[in-house]
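Here's a quick briefing to read alongside the model. Have the viewer open and follow along as we go.

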Amino acid sequence: MRAAVVTRLDGPTGIEIQQVDEPGGDGMVVVDVHAAGVAFPDALLTRGLYQYRPDPPFIPGAEVAGVVRSAPDGAGVRPGDRVVGLSMLAGGMAEVAALSPDRVFPLPDGIGFAAGAGLLFNDLTVHFALRLRGRLAPGEVVLVHGAAGGIGTSALRLAPVLGASRTIAVVSSQEKAAVATAAGATDVVLADGFKDAVKELTGGRGVDLVVDPVGGDRFTDSLRSLAPAGRLLVIGFTGGEIPTVKVNRLLLNNIDVVGVGWGAWAGTHPGALSEQWDELHDLLSTGRLPAPDPVVYPLEEAATAVAALENRTATGKVVLRVRD
């Protein structure tokens, strides 16, 4: 089969398209992959900077959409079913993937493979962040950093469906502002001076939730943008720098900084993924939650796709088209 293979740990340029053996399927759901999602951890993996550090050669990619080739008894899916699935770490950017049965889910009718491959990582992370860790309540206001990226656009799609009355998107350029608006943002502000803009937009009150996949130097101003009892959700550090917090700010303003480790939670809570997908499947099937509109690269351009995440030029979710 064809696969995108990390051949060396010097960044996305180390990804090459190669012919490799198909994975074994004993006890696994074997999927003919039509599309594979690309996420920021893939960029970190190409430099050996992720928590999980496989030695080259290996196939990156944690999320796929395709058609079941074979499945063990009791898997919940059958050969011929359209599905989405998670490897959680690697193996997705290939023509065939072998996945654990508890990480394969039916793809709703009417949603294409490219959109399906763009659903799992980001939507499940954001759903976990807003629902469980952020305790989003009806009518609350949500501020979203990196709002034109994969996590950001997912948050803008999901927050109103889960009860938010307003979503304020933070972006770095006017081009990205258009992406955030298309994803459903109520308001859009530029990263430079966002704290003052948020203060004005909320009449000085601040926001109830901050979705932060960026980190870096905007972290302190994010804390200052919270209303009393507000929560800042730490999802990642695409900005490069891992910030620190002076906990007296939390005490004085009655605010929370909340870690969002969706992968770690899913790995230690059996059934959590299925519960999440059941709700998302219902929202998608009924049209209450719009499917993502990803940027699609052919498999042959996997290196370029991963580089777009590393250098932060990507807008929205990035997906590889593996087969037609």
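Which residues does the UniProt annotation "domain: Enoyl reductase (ER)" cover? According to that record, an unreviewed entry, the domain takes in residues 7–320. Keep in mind that what you're looking at is a predicted model. Below, we go through that annotated stretch, then the two pockets, then a run of paired strands.

**The annotated stretch**
- Over residues 7–320, helix makes up 31% of the chain and strand 24%.
- The C-alpha atoms at the two ends of this stretch sit 19 Å apart.

**The largest pocket**
- Its volume comes out at about 1300 Å³.
- Its lining runs to 46 residues, and the ones nearest the centre are F40, P41, I235, G236 and T238.
- Several elements chip in with at least two lining residues each: α1 (40–45), α3 (120–133), α4 (150–161), β9 (166–171) and α9 (262–268).
- Which element gives the largest share of this lining? That's α9, with four residues.
- By residue type, the lining of the largest pocket splits into 26 nonpolar, 15 polar and five charged.

**The second largest pocket**
- This one has a volume of about 260 Å³.
- It is lined by 17 residues, with T153, R157, A183, P292 and D293 closest to its centre.
- At least two lining residues apiece come from α3, α4 and α5 (174–182).
- Here α4 provides the largest share, four residues.
- The lining of the second largest pocket breaks down into seven nonpolar, six polar and four charged residues.
- If you're colouring by element, note that α3 and α4 supply at least two residues each to the lining of the largest pocket, and they do so for the second largest pocket too.

**Paired strands: β3, β4 and β5**
- β3 (residues 29–38) and β4 (residues 63–70) run antiparallel, joined by six bridges.
- To find your place in that pairing, look for A35, which stands opposite A65 in β4.
- How many bridges pair β4 with β5 (residues 82–86)? There are five, and this pairing is antiparallel as well.
- A handy marker here is E63, which faces L86 in β5.
- So β4 pairs with β3 and also with β5.
- While you have these strands on screen, a general point helps: in a regular strand, side chains alternate between the two faces of the sheet.

Technical notes: Residues are numbered from 1 along each chain as its sequence is written. This is a predicted model: local features need pLDDT of at least 70, side-chain atom pairs count only at pLDDT 80 or more; totals for chains, interfaces and linings use all residues. Side-chain values use heavy atoms; hydrogens and water are left out. On a 1 Å grid over the protein atoms alone, a cavity is a set of points where a 1.4 Å probe fits but cannot get out, and a pocket is an open set with protein on both sides within 12 Å along at least five of seven lines; lining residues have an atom within 4 Å of a point. Grid points are joined across faces, edges and corners, and a volume is the space filled by probe spheres set on the points. Ala, Val, Leu, Ile, Met, Phe, Trp, Tyr, Cys and Pro count as nonpolar, Asp, Glu, Lys and Arg as charged, and the others, Gly among them, as polar. UniProt positions are given in the numbering used here, feature names are shortened, and annotations may be inferred rather than shown by experiment. Two strands pair if DSSP finds at least two bridges between them.
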